Each structure stands twice: as C-alpha cells, then as structure tokens.
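Visitor: I keep meeting words like "buried" and "contact" and never know where they come from. Could you walk me through a model and show how each label is earned?

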Amino acid sequence: MEAAAASDPGNLLRLVERTAFIGFWRLDARGLAWSDQLARLHGASPGYAPPADDALRHFAEEHRAGLDERLQACREQGLAFDVEVQVQPLQGRRVWVRCVRQPLRAADGSIAGAEGLVQEIAPPGYPAGSLLRHTVSMGGALGSGEAFVTVDGQGRINYANEQAERLLGPAEAVSGRKVWSFF
C-alpha cells in the first residue's frame, strides 16, 4: 500500500470550517483577522474583517456589552469563555452562534491578544429532521421571533428571550418570578 501524501493543514481547516459551520478569528497587536468562513457567516465577502475597535459590531446589540466584558477579561486576565449569543448578519435574519474565546499567549507566556471561533448553532438550510436540526431546535425557538420563556420545577422563569422581555419586562425583573404572576 502506497503512503498517502501529506495533506495541507489549511485545506483541512477550511473543510472543518465549512462542515461544522465554524469561523475563526484572532485579535492581536497587528489587528483583527477573520477566516473567510467567519466573514461568510456574517454575510460579508471572504477577506472581510471589521476594524479591531469595532470587532463586536456584527453581534446583536443586547449581547455586545457582555461580550466586550468577556473579551477584555480574556485579553487582560487570560480568562477563556464559551457563550451563546446572536449575530446580526449584514443581510438577513439573526442567527444564534456559539462563541469560544481563549487568550493568545506570547512565547514568554504573557497575553498577546485573544483568539477564538464562532459556530453557527442552527445553520440556515440544514436539512429538517437531521440530528443537528433536532439538537438545536431550542436555539431556533429562542431566536424564532416568538416570545419564549423557560421555567424551573416551581414555575419560576429562568430564561426569557428578547421577544418575551418586550412583553413581560427586562430579564432582571422577570427572572425568578412565577410565570402565572403575569396572567
């Protein structure tokens, strides 16, 4: 049997990005760099990346402050994180994504920036009835445009999406209240 030729790691990375709906980014002293797949996820052309000082512009407005705090903690204290938020692509409807970030370390161990990935949780057009679609159906409900809340075993609200907040009030005021108190 003949040995296989060494594969190009760049080709393998692009395959992973395309099939897992993941885009990669890096923020360091040189600026912000996005993979082509991340640009596509945000509805932009390959090669696009926003200016470093406006790196969060494509995230839904209500998620930006929390993401900015986490990014600063990552860059300054080395705290990695993994959160689910919404992006607002240049064209089209909001999409739920998973953001994973970690500190970027220099050779001496100091923090030189941050790097991470953005993974689309429910890619548009993914076949209905597929395992992935069922796995992310909750994500679809949360971003569907309909008011949606979850409650604990005692009937207290522990999550309200933005449409539910419009009807019931801000999350801080709604969380912990019994769902029946609103009717």
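Visitor: Let's start with a cysteine: where is Cys-99 found?

Guide: Cys-99 sits in strand 4, which covers residues 95-105. Helices (H or I, at least four residues) and strands (E, at least two) are DSSP runs, numbered from the N terminus. Before we go on, this is a predicted model, where local features need pLDDT of at least 70, side-chain atom pairs count only at pLDDT 80 or more, and totals for chains, interfaces and linings use all residues. Residues are numbered from 1 along each chain as its sequence is written, and side-chain values use heavy atoms, leaving out hydrogens and water.

Visitor: How many helices and strands are there?

Guide: The chain has seven helices and seven strands. Along the sequence, they come in the pattern α-β-β-α-α-β-β-β-α-α-β-β-α-α.

Visitor: What makes Cys-99 count as buried?

Guide: Buried means under 20% relative accessible area, exposed means over 50%, and partly exposed is in between (1.4 Å probe, protein chains only). Cys-99 has a relative accessible area of 0%, so it is buried. Cys-74 has 0% relative accessibility, so Cys-74 is buried too. Over the whole chain of 183 residues, buried ones make up 34%.

Visitor: Which residues does Cys-99 touch?

Guide: Not counting neighbours within four places in sequence, Cys-99 is in contact with Phe-59, Phe-81, Asp-82, Val-83, Val-85, Leu-117 and Val-118. Contact here means heavy atoms within 4.5 Å. As for Glu-84, 15 residues away along the chain, its C-alpha atom is 6.1 Å from that of Cys-99.

Visitor: How many disulfides does the structure have?

Guide: A search of the whole structure turns up zero. A disulfide is a covalent bond between the sulfur atoms of two cysteines. The test asks for a pair of cysteine sulfur atoms within 2.5 Å.

Visitor: Val-118 was on that contact list. Is Val-118 buried or exposed?

Guide: Buried: its relative accessible area is 3%, so Val-118 falls under the cut-off. Val-118 lies in strand 5 (residues 111-120). Leaving out residues up to four places away in sequence, Val-118 touches several others, including Phe-21, Trp-25, Leu-38 and Arg-98.

Visitor: Why is the pair of Trp-34 and Tyr-48 called edge-to-face?

Guide: The structure holds one aromatic pair, and Trp-34 and Tyr-48 form it, with 5.6 Å centre to centre and 80° between the planes. Rings of Phe, Tyr and Trp (its six-membered ring) pair if their centres lie within 6.5 Å; planes under 30 degrees apart count as stacked, over 60 as edge-to-face and the rest as tilted, so this pair is edge-to-face.

Visitor: What does the pair tie together?

Guide: Trp-34 is in strand 2 (residues 31-34) and Tyr-48 is in the loop between helix 2 (36-41) and helix 3 (61-77), so the pair ties together parts that are 14 residues apart in sequence.

Visitor: How do you know which of these two rings' residues is buried and which is partly exposed?

Guide: Trp-34 has a relative accessible area of 13%, so Trp-34 is buried. Tyr-48 has 24%, so Tyr-48 is partly exposed.

Visitor: And what makes Leu-15 partly exposed?

Guide: Its relative accessibility is 38%, so Leu-15 belongs in the in-between class. Leu-15 is placed in helix 1 (residues 9-20).
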